[in-house]
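Please examine the model shown here alongside its sequence. The paragraphs that follow lead from individual strand residues to the packing of the helices and the nonpolar core.

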Amino acid sequence: MYAVTVTFTLHPGTRDAFLPLMRENARTSLDHEPGCRQFDVCTNGDDVIFLYELYDSAEAFQAHLQSPHFQSFDAAVSDMIADKSVATFTQVLQ
């Protein structure tokens, strides 16, 4: 299993536009990417959005990044993001 965490800090006033796009990206990933097992979208109720994603492998995550729906999402939200932090983890024990 390959875990990905992403923390977005949004520019003030962009949360309401960002969240529907983020939810659609998550839903499409789960529905159409066989290697995507989990895609949680969380918020602190303010301008911070936290993602927890699980993939079968690093290759499945790379396929996600290359998918048309992700590319479209990434372009649509780029101006809304003040800061973005990505961390990846590989499962050690099963």
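**From the strands to the core**

Thr 90 is found in strand β4, which spans residues 81-90. The model is a predicted one, and the description below should be read in that light. Is Thr 90 buried or exposed? Its relative accessibility is 60%, and because the threshold for an exposed residue is over 50%, Thr 90 counts as exposed. Apart from residues up to four places away in sequence, Thr 90 touches Met 1 and Tyr 2. A further relation links Thr 90 with Thr 5: the two are 85 residues apart in sequence, while their C-alpha atoms lie 12 Å apart in space.

Strand β1 offers a contrasting environment at Val 4, whose place is in that strand. Val 4 has 0% relative accessibility and therefore counts as buried, the limit being under 20%. Which residues surround Val 4, once its neighbours within four places in sequence are left aside? The contacts are with Leu 51, Tyr 52, Glu 53, Tyr 55, Phe 61, Val 86, Ala 87 and Thr 88. Between Val 4 and Arg 27, which are 23 residues apart along the chain, the C-alpha separation is 16 Å.

Strand β2 contains Arg 37. With a relative accessible area of 49%, Arg 37 is partly exposed. Its side chain makes a polar contact of 2.6 Å with the side chain of Asp 56. Asp 56 also appears in the wider set of contacts of Arg 37, which, with neighbours within four places in sequence set aside, consists of Met 1, Leu 30, Leu 54, Tyr 55 and Asp 56. The C-alpha atoms of Arg 37 and Val 6 are separated by 16 Å, the two residues being 31 places apart along the chain.

The helices can be taken next. Helix α1 (residues 15-32) packs with helix α3 (residues 68-77) at an angle of about 170 degrees, and their axes are 10 Å apart. Because angles over 145 degrees count as roughly antiparallel, α1 and α3 are described as roughly antiparallel to each other. On the α1 side, the contact is made by Phe 18, Leu 21, Met 22, Asn 25, Thr 28 and Ser 29; on the α3 side, by His 69, Phe 70, Phe 73, Ala 76 and Val 77. By class, the residues of this contact comprise 7 nonpolar, 4 polar and no charged.

Helix α3 also packs with α2, here at an angle of about 60 degrees and with the axes 5 Å apart. That angle makes α2 oblique to α3. His 64, Leu 65 and Gln 66 of α2 meet Pro 68, His 69, Phe 70 and Gln 71 of α3 in this contact. The residues involved divide into 3 nonpolar, 4 polar and no charged.

Ser 67 is located in the loop between α2 and α3. Its relative accessible area is 10%, so Ser 67 is buried. The side chains of Ser 67 and His 69 are joined by a polar contact of 3.1 Å. In helix α2 itself, Ala 58 has 29% relative accessibility and so counts as partly exposed. The C-alpha atoms of Ala 58 and Phe 89, 31 residues apart along the chain, are separated by 9.3 Å.

The nonpolar core remains to be considered. In soluble globular proteins, nonpolar side chains tend to be buried together. In this model, the largest nonpolar core has 21 residues, and those with the most contacts inside it are Phe 8, Phe 18, Met 22, Phe 39, Ile 49, Leu 51 and Tyr 55. Which elements give two or more residues to this core? They are β1 (2-10), α1, β2 (36-43), β3 (48-55), α2 (58-66) and α3. The largest share, 5 residues, comes from β1. Two of the residues named for the core, Phe 18 and Met 22, also belong to the α1 side of the contact with α3.

Phe 39 illustrates the surroundings of one core residue. Without its neighbours within four places in sequence, Phe 39 is in contact with Met 22, Asn 25, Ala 26, Ser 29, Leu 30, Leu 51, Tyr 52, Glu 53, Tyr 55 and His 64. Among these partners, Met 22, Leu 51 and Tyr 55 are likewise listed with the most contacts inside the core.

Note on methods:
Residues are numbered from 1 along each chain as its sequence is written. This is a predicted model: local features need pLDDT of at least 70, side-chain atom pairs count only at pLDDT 80 or more; totals for chains, interfaces and linings use all residues. Side-chain values use heavy atoms; hydrogens and water are left out. Helices (H or I, at least four residues) and strands (E, at least two) are DSSP runs, numbered from the N terminus. Buried means under 20% relative accessible area, exposed over 50%, partly exposed in between (1.4 Å probe, protein chains only). Contact means heavy atoms within 4.5 Å. Axes are lines fitted to C-alpha atoms, for helices over the stretch in contact, and angles run from 0 to 180 degrees between N-to-C directions. Angles under 35 degrees count as roughly parallel, over 145 as roughly antiparallel, 65 to 115 as roughly perpendicular and the rest as oblique. Ala, Val, Leu, Ile, Met, Phe, Trp, Tyr, Cys and Pro count as nonpolar, Asp, Glu, Lys and Arg as charged, and the others, Gly among them, as polar. A nonpolar core is a set of buried Ala, Val, Leu, Ile, Met, Phe, Trp, Tyr and Cys residues joined through side-chain atoms within 4.5 Å. A polar contact is a pair of N or O atoms within 3.5 Å; within protein, one must be able to donate a hydrogen and the other to accept it, and residues adjacent in sequence count only if both atoms are side-chain atoms.
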